[in-house]
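I opened the notebook to record what I looked up, one topic at a time, beginning with burial and ring contacts.

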Amino acid sequence: MILPIVGYGDPVLRKVGEAITPEYPNLKEILANMYETMYNAYGVGLAAPQVGMAIRLFVIDTNPFSDDEDLSAEEQNKLKGFKKTFINAKIVKEEGEEWSFNEGCLSIPDVREDVYRKPTVTIEYCEEDFVMKTEVFDGLIARVIQHEYDHIEGVLFTDKISSLKKRLIQKKLKNITEGKTFQDYKMKFAAAKKGR
């Protein structure tokens, strides 16, 4: 089932997600719905807060990036078929010299900005089996993980841009909060909840 994606301005996007257990209600269904919602919106990642749940869960499928001809063949191969569920994730370490990449977010439609992040990330997480593991990722995969991880920490990519750039996009962000935006996927907005 395709879920509505929560728009910028909704308080759930600012909450730190809570850890979950294997007994979390309807977890398999939630995961299936999150993947379906992400694919429907042509996203490469989706975090639970983006569908209204303040829990430590996000899903990633970087396959759409594997067609980018600006990337090396090695990077394209890494991105192809990288599909993973991250439950109760904790970033242990971020390393390397920060690099810029133009990021967007399904919760913030039609806003894209250059964001600086470190290229390598060490993360503890579990998948649906709830067996904790520690892995190191780099490149665009690390970038997508960091972006989605921020969501379960209540952080948005717009928090990581300069104050000047924030001022320049303020009107767009206000419009999103009020639901004055158009996109090809279902969304719900903070202003609509307040009876507007």
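Entry on Phe 86. I looked up the accessibility of Phe 86 in this predicted model and found a relative value of 0%, so I noted Phe 86 as buried, the limit for that class being under 20%. I then turned to the rings and counted seven aromatic pairs in the structure. One of them joins Phe 86 to Phe 137 in an edge-to-face arrangement, with 6.2 Å from centre to centre and 70° between the planes. This pair connects distant parts of the chain, since Phe 86 belongs to strand 4 (residues 83–95) and Phe 137 to strand 8 (residues 133–138), with 51 residues separating the two. Phe 137 also counts as buried, because its relative accessibility is 8%. Following the ring pairs further, I found that they tie Phe 86 and Phe 137 into a cluster with Phe 58, Phe 82 and Tyr 125.

Entry on charges over rings. I searched for basic side chains placed over aromatic faces and wrote down Lys 83, which lies over the face of Tyr 35 at 4.7 Å from the ring centre. I also wrote down Arg 143, which lies over the face of Trp 99 at 4.3 Å from the ring centre.

Entry on strand 3. Which residues of strand 3 lie on each of its two sides, and are they buried or exposed? I found Leu 57, Val 59 and Asp 61 on one side and Phe 58 and Ile 60 on the other, all of them buried, so that both faces of the strand are covered. Put as a count for strand 3 (residues 57–61), five of its five residues are buried. I next checked the neighbours of strand 3: three bridges join it to strand 2 (residues 45–47) in an antiparallel arrangement, and Leu 46 has Val 59 as its bridge partner. Strand 3 also runs antiparallel to strand 4, to which five bridges join it, and here I noted Ile 60 opposite Lys 84.

Entry on strands 5 and 6. I looked up how strand 5 (residues 99–105) and strand 6 (residues 108–117) are joined, and found six bridges between these antiparallel strands. The two strands form a hairpin, with two residues between them. As one example of the pairing, I noted Asp 114 in strand 6 as the bridge partner of Asn 102.

Entry on the largest pocket. I recorded a volume of about 500 Å³ for the largest pocket, and 26 residues in its lining. Which residues lie nearest the centre of the largest pocket? They are Gly 43, Gly 104, Cys 105, Leu 106 and Arg 112. I then asked which elements contribute, and found that strand 5, strand 6 and helix 3 (139–152) each supply at least two residues of the lining. Sorted by class, the lining comprises 13 nonpolar, seven polar and six charged residues.

Entry on Asn 26. I placed Asn 26 in the loop between strand 1 (5–6) and helix 1 (27–40). I counted Asn 26 as exposed because its relative accessible area is 53%, and that class begins over 50%. As a last check, I took the C-alpha to C-alpha distance from Asn 26 to Val 51, which is 14 Å in space for a separation of 25 residues in sequence.

Terms used
Residues are numbered from 1 along each chain as its sequence is written. This is a predicted model: local features need pLDDT of at least 70, side-chain atom pairs count only at pLDDT 80 or more; totals for chains, interfaces and linings use all residues. Side-chain values use heavy atoms; hydrogens and water are left out. Rings of Phe, Tyr and Trp (its six-membered ring) pair if their centres lie within 6.5 Å; planes under 30 degrees apart count as stacked, over 60 as edge-to-face and the rest as tilted. Helices (H or I, at least four residues) and strands (E, at least two) are DSSP runs, numbered from the N terminus. Buried means under 20% relative accessible area, exposed over 50%, partly exposed in between (1.4 Å probe, protein chains only). A charge sits over a ring if NZ of Lys or CZ of Arg is within 6 Å of the ring centre and within 35 degrees of the ring normal. Two strands pair if DSSP finds at least two bridges between them. On a 1 Å grid over the protein atoms alone, a cavity is a set of points where a 1.4 Å probe fits but cannot get out, and a pocket is an open set with protein on both sides within 12 Å along at least five of seven lines; lining residues have an atom within 4 Å of a point. Grid points are joined across faces, edges and corners, and a volume is the space filled by probe spheres set on the points. Ala, Val, Leu, Ile, Met, Phe, Trp, Tyr, Cys and Pro count as nonpolar, Asp, Glu, Lys and Arg as charged, and the others, Gly among them, as polar.
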